[in-house]
Amino acid sequence: MKRAWLVLFGVSPWLTFAAEDARQFVDMPPAARTELRAEMLDFQTALYQIVDALAVGKFADAADTAETTIGVSAMGRHRTAPMNARPGMYMPNDMHMIARNMHVAGSELARTARSGDLARALGALQPVMGACVACHRSYRTQ
Ligand code: HEC
């Protein structure tokens, strides 16, 4: 009994995962996914740098990173890329909306961080991270 369960589990974990994964699949060409992943790694690094800067009271640094990497200033990064390398072209409207809201929240975080109030800055970081979570929990590309 136990063995049968193990075999089943061993050969079909991806089936189990697919069955339980209710996220919407978004089909993107490989070039768009490559661009998206590179952008994502920059977002993750930015979050790390922002928290690091806030922790030592470098509010201007946190604000600059937030604006240039995640904020509205960071929008349109793929504007001049060929069509198949522009992830935004393949995002459903609601997914695109989450992305735009994330950029707006990034700029709001930058403005708030400049005030030098740590509690408020953390409060403004939350919707930025909320956008990461909302998109990742709703959509998948593989
Ligand atoms: C609009 C949707 C969306 C938003 C917003 C978003 N992501 Fe992503 N993210 C994705 C998708 C889709 C993938 C999977 C890309 C793939 O592998 O094709 C991904 C993948 C990643 C990865 C893995 C990259 C790799 O090397 O495979 C990281 C890290 C990541 N995101 C971080 C973040 C962080 C941090 C934020 C918020 C600041 C964020 N993402 C916001 C959609 C989003």
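**Exercise 1. Work out which helix gives the most residues to the shell around the ligand, and describe that shell.**

Solution. Helix 3 gives the most to this shell, namely eight residues; helices here are DSSP runs of H or I with at least four residues, strands are runs of E with at least two, and both are numbered from the N terminus. The model is a predicted one, in which local features need pLDDT of at least 70 and side-chain atom pairs count only at pLDDT 80 or more, while totals for chains, interfaces and linings use all residues. Residues are numbered from 1 along each chain as its sequence is written.

Next, look at who else contributes: helix 3 (30-55), helix 5 (93-113) and helix 6 (118-138) each supply at least two residues of the shell. Among the 21 residues around the ligand, those that come nearest are Met 40, Ala 99, Cys 132, Cys 135 and Thr 141, where a residue is near a molecule if its C-beta atom, placed from the backbone, lies within 6 Å of it.

Finally, sort the shell by chemistry, which gives 15 nonpolar residues, four polar and two charged. In this sorting Ala, Val, Leu, Ile, Met, Phe, Trp, Tyr, Cys and Pro count as nonpolar, Asp, Glu, Lys and Arg as charged, and the others, Gly among them, as polar.

**Exercise 2. Compare the span of helix 3 with the one expected at 1.5 Å a residue, and find what covers its buried residues.**

Solution. The expected span is 1.5 Å times one less than the number of residues, so the 26 residues of helix 3 should span 38 Å, and this agrees with its end C-alpha atoms, which are 38 Å apart.

The buried residues of helix 3 are Ala 32, Glu 35, Leu 36, Ala 46, Ile 50, Ala 53 and Leu 54. A residue is buried if 20 or more other C-beta atoms, placed from the backbone, lie within 10 Å of its own, exposed if 12 or fewer do, and partly exposed in between. Their cover includes helix 4 (59-70), helix 5 and helix 6. One of the buried residues, Ile 50, is in contact with Ala 62, Thr 65, Ala 66 and Leu 125, leaving aside its neighbours within four places in sequence; contact requires C-beta atoms, placed from the backbone, within 7 Å. Just after the helix, Gly 57 takes a positive phi of about 75 degrees.

**Exercise 3. Decide how the buried residues of helix 6 are arranged around its axis, and name what they pack against.**

Solution. Begin with the list: Ala 121, Ala 124, Leu 125, Val 128, Ala 131 and Cys 135 are buried in helix 6. Seen down the helix axis, these residues fall within an arc of 105 degrees, so they line one face of helix 6; the arc is that of the directions from the axis to the C-beta atoms. In general, an α-helix has 3.6 residues a turn, so residues three or four places apart point the same way. The face turned away from the buried side carries the exposed residues Ala 119, Gly 123, Gln 126, Val 133 and Arg 137. On the buried side, the packing partners are helix 3, helix 4, helix 5 and strand 2 (139-140).

**Exercise 4. Classify Asn 101 as buried, partly exposed or exposed.**

Solution. Asn 101 lies in helix 5. It counts as partly exposed, because it has 16 C-beta neighbours inside 10 Å.

Conventions. Two residues are in contact if their C-beta atoms, placed from the backbone, lie within 7 Å.
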